[in-house]
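Visitor: Hello! I am new to this structure and would like a friendly tour, please.

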Amino acid sequence: PTSDGYNLEHLARYPQDNLFSGVEHTWWMQVIERLGAKLGVNDSWRGTTVDGKNATDKTAISNVQRIKNLGANGSPDVILLYGATNDYGQLNNIDTFDKSKIPAEVDLKTIQWKSLSKAFVNTIMRLQYFYPNAQIVVILPARTKSYYPMSKLHSGNKLLISICEHFGLPYVDLRTCGITNDHLPDGIHPNKEGMDLITDAVIKVMLEQCVIKAGENTVYSVKRSLTNVKASYKYVKGVS
């Protein structure tokens, strides 16, 4: 997105010579095309965190206005939430998850939390508040060369998995998608081949774990328990 008044430094990283040349190579556009879906809004921003690095960070994934932006072209059937990579790389406090401390009501006022755990919980609650009928699919960070240590990736993804399981959300753990250092020309962002691995991992989880009711702008719906999914999902445009 380019019209929300955010700094130009947060614009997307493609086209970029050492990664890939166009939107058709991104994991999210490949997922959309393979499933015969329609893009509502891509509200992703380079360099942002889930909780925000300061109290005025409008680009934080948890930011209320940024979440509202997702409905700019109609209420979404599916929300793909991919975050925390920059939290792992830039923030010290990952914290732990205590389900007994989850707020009883959604908090729409807080701008910044002091830990990834609190920010992630409140992000999910805000998404569910504004889009109660949407299927939220959480995508968890992958390995990097040096942006954060593997120990932080493992502990962070384990934390986020516990949060996803509490809220009953399907998640894609990119630790196991096959990305290696060879797929990371700049040490952090995947090249075209790395994007393909993310695409496969996301579609696999969506087909196996999601029950998606088609909205008025959706061409196809995807149901659980499809037969021969592993052999056919790459070639099926839509499944009803």
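Visitor: Leaving aside its neighbours within four places in sequence, which residues is F120 in contact with?
Guide: Welcome! Please keep in mind that this is a predicted model. F120 belongs to the largest nonpolar core, a group of 31 residues, where F120 and L160 touch the most other members. With its neighbours within four places in sequence set aside, the contacts of F120 are V50, L81, V138, L160 and I163.

Visitor: Which helices and strands each supply at least two residues of this core?
Guide: As background, nonpolar side chains in soluble globular proteins tend to be buried together. Here the core of 31 residues draws on both helices and strands, with at least two residues from each of β1 (78-82), α4 (116-130), β2 (135-140) and α5 (150-167).

Visitor: Which residues are among those of the other core?
Guide: A second core lies apart from the one with F120 and L160. This other core has 26 residues, among them F20, M29, M195 and L207.

Visitor: Could we step back to the whole chain: what pattern does it follow along the sequence?
Guide: The secondary structure comes to 7 helices and 3 strands. Of the 240 residues, 45% count as buried. Reading along the sequence, you meet the pattern α-α-β-α-α-β-α-β-α-α.

Visitor: In what order do the 3 strands form their sheet?
Guide: In general, strands of a sheet pair through backbone hydrogen bonds, either parallel or antiparallel. In this open sheet the pairing is parallel, and 5 bridges join β1 to β2. The order of the strands is β1-β2-β3.

Visitor: Why is one side of some strands left without a neighbour in the sheet, and which strands are they?
Guide: The sheet is open, with the order β1-β2-β3. A strand at the edge has a single partner strand, so one of its sides is left without a neighbour in the sheet. The strands at the edges are β1 and β3 (171-173).

Visitor: Which residues make up the covered face of β1?
Guide: β1 has two faces, and V78, L80 and Y82 are on the uncovered one. On the other face, I79 stands opposite I136 in β2, and L81 stands opposite V138 in β2. The covered face is made up of I79 and L81.

Visitor: At about how many degrees does α5 run to β3?
Guide: α5 spans residues 150-167 and supplies at least two residues of the largest core. This helix lies across β2 and β3. Its angle to β3 is about 165 degrees.

Visitor: Is Q135 buried or exposed?
Guide: Q135 lies in strand β2. Beyond residues up to four places away in sequence, Q135 touches D77, V78, I79, P170, C210, V211 and I212. Its relative accessibility is 15%, and buried means under 20%, so Q135 counts as buried.

Visitor: What do the buried residues of helix α1 pack against?
Guide: Helix α1 (residues 27-34) is mostly covered, with 7 of its 8 residues buried. Those buried residues are W27, W28, M29, Q30, V31, I32 and R34. They pack against β1, β2 and α6 (192-209).

Visitor: Which residue follows α1 with a positive phi?
Guide: Just past this mostly covered helix comes a residue whose phi is near 65 degrees. That residue is G36.

Visitor: Is A84 buried or exposed?
Guide: Most residues other than glycine have a negative phi. A84, in the loop between β1 and α3 (85-90), has a positive phi, near 90 degrees. Its relative accessibility is 2%, under the 20% cut-off, so A84 counts as buried.

Visitor: And where does D95 lie, and how does its accessibility count?
Guide: D95 is a residue other than glycine with a positive phi, near 75 degrees. Its place is in the loop between α3 and α4. At 33% relative accessibility, D95 counts as partly exposed.

Visitor: One more, about cysteines: how many disulfides are there?
Guide: C177 is buried, with a relative accessible area of 14%. C210 is buried too, with a relative accessible area of 0%. A disulfide needs a pair of cysteine sulfur atoms within 2.5 Å, and by this rule the count is 0.

Key:
Residues numbered from 1 in each chain as written. Predicted model: local features only at pLDDT ≥ 70, side-chain atom pairs only at ≥ 80, totals over all residues. Heavy atoms only, no water. Helix = DSSP H or I, 4+ residues; strand = E, 2+ residues; numbered from the N terminus. Buried < 20%, exposed > 50% of the residue type's maximum accessible area, 1.4 Å probe, protein only. Core = buried A, V, L, I, M, F, W, Y, C linked by side-chain atoms within 4.5 Å. Contact = heavy atoms within 4.5 Å. Pairing = 2+ DSSP bridges. Axes fitted to C-alpha atoms, helices over the stretch in contact; angles between N-to-C directions.
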